[in-house]
Amino acid sequence: MQQVFVNNAAIAIPSAEPTAINSSIQVLGVAGSLQRVTVSIDLIHTYTSDLRIFLIAPSGQEVLLVAGEGGSGDNFISTTFDSDAPTAIAGAAPPFSGTFRPEGDLSLLNGSDPNGQWTLRILDVAFLDGGQLNRWSLQLTVAEEPASQFSIDVRFGGGLTAAQRAVFEVAAARWAEVIVGDLPDTAVDSEIVDDVLIEASGVAIDGTNGILGQAGPTRLRNGSLLPATGVMEFDIGDLARLEADGGLLNVIIHEMGHVLGIGTLWRQKNLLTGAGSANPTFTGINAMREFGALLGTSAMTPVPVANMGGAGTRDGHWRETVFGNELMTGFLNPGNNPLSRLTIASLEDLGYAVNYSAAASYALPTQLELAIMGVGAGSYGHWHCSMCGCYRGSHHGLI
Ligand SMILES: [Zn+2]
């Protein structure tokens, strides 16, 4: 994808004595790294060989565009510098209209971060003769994020409104940002599944509160033990309440994480140590690296797993008293529940190909922040994931 940035503010190039002028373009919010840079200028000058023109990238790296060309001729009119151009600017004639290969190499900037201040620097090294920079532009081609090869197919089994079904689709798209690698097509009951098929439904269980439902994988792939199918069943009474208070999307993303294996496949993959004890930990190498990074150390550090909260919560979530509002703790907090690099790392440990740039910003909470969240209170009022244990540790059917 190419993006064009322009500075139309004219700047005079004084004629009396040697001078230097700078013109800048601020580039902000461009995602990805540079694949290609070209520069276009419109510049009036009555003696072009007086000029040395440089592009300075946000990193400070300078590329010489042109120096001392054109003799006593006039102007650069619609001149584009492109390191892939067949014709060199050296030896070309004013007004240099067209596309030319610069004297330096713009491709040296490929792979760098496009964001920050770009500067066109013009040196007029001679007395007499001047002119004006009329405008210049940068054409930046940025590598796009590769499309995810991972898809979750949600099949709706009734009991869900159109608005609720749409939230499942948003949640599936969120996980496809996080998991990007394809899993092999696999046959389940003579149906081809690519990559995960989830049957989602709303069922009447016990009204508001109490049992919320259940979610987890139902059939695992041979070998990788990654899920091929899963189920998400919600109590209709609780769905309406969650929809009303704005928490439904986070809940569905969270529960879909359990279908993908978070907390549900840790034992099968030998990633859980100390289950049932006061200090269960997750010991995948990627998650241990990310927990260390959250602590500010490069040491691999076992990740604290929920040690309370009943069978549906303990041993299957990150520990709430350490991780606060992270999405995959056992309690959903009001407002923001970030899906952190830690959770993405745990999916890599399970065997998925992941994309860390899909992580939400997250830092470990302070004790004060945990206290304000109400973590540790006996009647902790936030939504409690009590459903996930139904499939965790139970006998998963293999394909
Ligand atoms: Zn849960």
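Two strands count as paired if DSSP finds at least two bridges between them. With that in hand, here's what the predicted model shows.

Let's start with strand β7, which covers residues 76-81. On one hand, β7 pairs with strand β4 (residues 34-45), and the two run antiparallel, linked by 4 bridges. Look for serine 40 and you'll find threonine 80 of β7 standing opposite. On the other hand, β7 is also joined to strand β8, residues 98-100, this time in a parallel arrangement with 3 bridges. Here phenylalanine 81 has phenylalanine 100 in β8 as its bridge partner. So far, then, β7 has turned up in an antiparallel pairing with β4 and a parallel one with β8.

Further along the chain there's an open sheet of 3 strands, ordered β17-β18-β19 and paired in the antiparallel sense. Its edges are held by β17 (272-273) and β19 (303-304); each has a single partner strand, so one side of each is left without a neighbour in the sheet. Strand β18 is made of residues 281-282, and its antiparallel pairing with β19 rests on 2 bridges. Zooming in on that pairing, phenylalanine 282 is matched with valine 303 in β19 as its bridge partner.

Now for the overall layout. The domain assignment splits the chain into domain 1, spanning 2-142, and domain 2, spanning 152-398. Taken over C-alpha atoms, the centres of domain 1 and domain 2 are 52 Å apart.

How values were computed: Residues numbered from 1 in each chain as written. Predicted model: local features only at pLDDT ≥ 70, side-chain atom pairs only at ≥ 80, totals over all residues. Domains from an automatic or database assignment.
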